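Got the viewer open and a cup of something warm to hand? Let's take a walk through this model, one selection at a time.

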Amino acid sequence: MENDHLSQKQLLDYISQLRQNIETLEQEKADLEILLEVIIYHGDLVESQLQQSHKKLKAEIQQRHLAQLKLQASQEHFQSLVALLSQEKNDLELILETTIEHSNIVEESLHYDSIHDPLTGLLNRRYLDQVLPQVFKSAQKTQECLSVLIADIDHFKLFNDKFGHKAGDIVLKLVSQTVQSIMRSSDMAYRYGGEELVFILPNTNIKMAEIIAEEIRQKIKNLQQEYSYDFLTGITVSIGVAEFPKHTNSCDDLLQLADRALYQAKAQGRDQVVVIDPNAIHLF
């Protein structure tokens with residue numbers, strides 16, 4: 001009986017233990033179900049957050065891509081502007097260089113025109129008035145000879161009266177071209193006015209000046225030019241010669257003495273060279 005009683009008690013204890021285990025399991029199951037629900041809830045929340053993060057990241061990627069495209073477009077536009085500005089700069093520099101070059105050409109042309117006679121191409125009287133005092137001063141300083149010739153085309157008015165003023169212009173051009181071919185590099189030829197020409201011969205004594213004057217006279221005398229079914233012939237010049245310091249120590253007097261010698265040449269029959277006579281200077 002005692003054994004049976006113990007067995008029943010053990011069974012009851014076992015059953016009680018089973019019930020506790022079941023309650024524990026049920027509690028754990030409930031806890032697990034709650035945990036599962038929490039996990040599922042949080043999982044959905046995490047998934048939603050992940051989706052939102054993905055969308056946000058995708059949007060950011062798209063924005064960055066667009067920003068990159070805009071930046072690339074801006075860089076290309078900037079490079080295009082730089083290239084355009086560089087080209088415009090080169091164009092402006094070329095225009096500036098051309099302008100400066102043309103300005104220099106225009107300036108040189110204006111200067112050339114200002115000191116040359118347009119008809120003959122010889123230097124003009126205004127330039128003679130500037131240059132002669134400078135050359136004279138230089139000759140005084142270096143104690144070198146300086147000779148001046150004044151030439152006048154004989155009977156020039158007859159060419160104008162017989163053939164017209166155009167023929168007179170042709171004669172002037174012919175005479176000017178001829179004397180330019182004789183002039184040395186240091187010599188200077190000027191149209192003094194009308195049919196008068198002046199020649200400045202630096203470092204040239206009276207003997208050499210007379211030789212040059214005679215060469216001019218001879219070459220001009222041999223000129224002839226066909227004009228209007230006729231020939232312009234009989235072109236001659238009278239030339240007066242004076243020298244510093246042989247005849248004067250004054251620049252103004254040097255030109256005047258050459259002019260007086262020219263007057264003598266014309267008075268003596270024209271077509272000749274006359275050197276001013278030092279002994280007759282006081283008579284003028």
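## First stop: strand β3

Select residues 188–193, which make up strand β3: five of its six residues are buried, so the strand is largely enclosed by the rest of the structure. Buried here means under 20% relative accessible area, exposed means over 50%, and partly exposed is in between (1.4 Å probe, protein chains only). Helices (H or I, at least four residues) and strands (E, at least two) are DSSP runs, numbered from the N terminus.

Before going on, some ground rules. This is a predicted model, where local features need pLDDT of at least 70 and side-chain atom pairs count only at pLDDT 80 or more, while totals for chains, interfaces and linings use all residues. Residues are numbered from 1 along each chain as its sequence is written, and side-chain values use heavy atoms, with hydrogens and water left out.

## The neighbours of β3

Keep β3 lit and add strand β4, residues 196–202. Five bridges join these two antiparallel strands; two strands count as paired if DSSP finds at least two bridges between them. Look for R191, which sits opposite L197 in β4. The two strands form a hairpin with two residues between them, and G194 in the turn has a positive phi of about 60°. Like its partner, β4 is mostly covered, with five of its seven residues buried.

Now show β1. This strand and β3 pair in the parallel sense over two bridges, with N124 standing opposite R191.

## Out across the sheet

Strands of a sheet pair through backbone hydrogen bonds, either parallel or antiparallel. Which order do the strands follow here? Colour them as β1-β3-β4-β2-β7-β8: that is an open sheet of six strands with mixed pairing. The edge strands are β1 (123–124) and β8 (273–275), each pairing on one side only.

Step from β4 to β2, and you cross seven bridges between antiparallel strands. V148 has I200 in β4 as its bridge partner. Then go on from β2 (residues 146–153) to β7 (residues 237–244), an antiparallel pair with eight bridges. Here L146 is matched with F244 in β7.

## Salt bridges to click on

The structure holds nine salt bridges, each a side-chain nitrogen of Lys or Arg within 4 Å of a carboxyl oxygen of Asp or Glu.

Go back to R191 and show its side chain along with that of D117. They meet in a salt bridge, 3.3 Å from N to O. R191 lies in strand β3 and D117 in the loop between α1 and β1, so the pair ties together parts that are 74 residues apart in sequence. Is R191 buried or exposed? Buried, and so is D117.

Next, select R217 and D271. Their side chains form a salt bridge of 2.9 Å, N to O. This pair links distant parts of the chain: D271 is in the loop between α6 (251–267) and β8, and R217 is in helix α5, 54 residues apart. Both D271 and R217 are buried. Add E214 and K221 to the selection, and you have one network of four residues, E214, R217, K221 and D271, joined by salt bridges that share partners.

Zoom in on R217 and E214, where the closest N and O atoms are 2.5 Å apart. They are three residues apart in helix α5 (residues 206–221), so about one helical turn separates them. R217 counts as buried because its relative accessibility is 9%, while E214, at 28%, counts as partly exposed.

## Along helix α1

Select residues 2–115, helix α1, and find I15 within it. With a relative accessible area of 32%, I15 is partly exposed. Together with L11, L12, Y14, L18 and I22, I15 forms a nonpolar patch on the surface, with about 560 Å² of accessible area in total. Patches are made of residues with over 30% relative accessible area and no salt bridge; like charges are joined within 9 Å, and nonpolar side chains (Val, Leu, Ile, Met, Phe, Trp, Tyr) within 5 Å. Accessible areas come from the Shrake-Rupley method with a 1.4 Å probe, and for residues only the protein chains shown count as cover.

## Zoom out

Finally, show everything. The protein has six helices and eight strands. Its C-alpha atoms fill a box of roughly 195 × 55 × 25 Å along the principal axes. Of the 284 residues, 30% count as buried.
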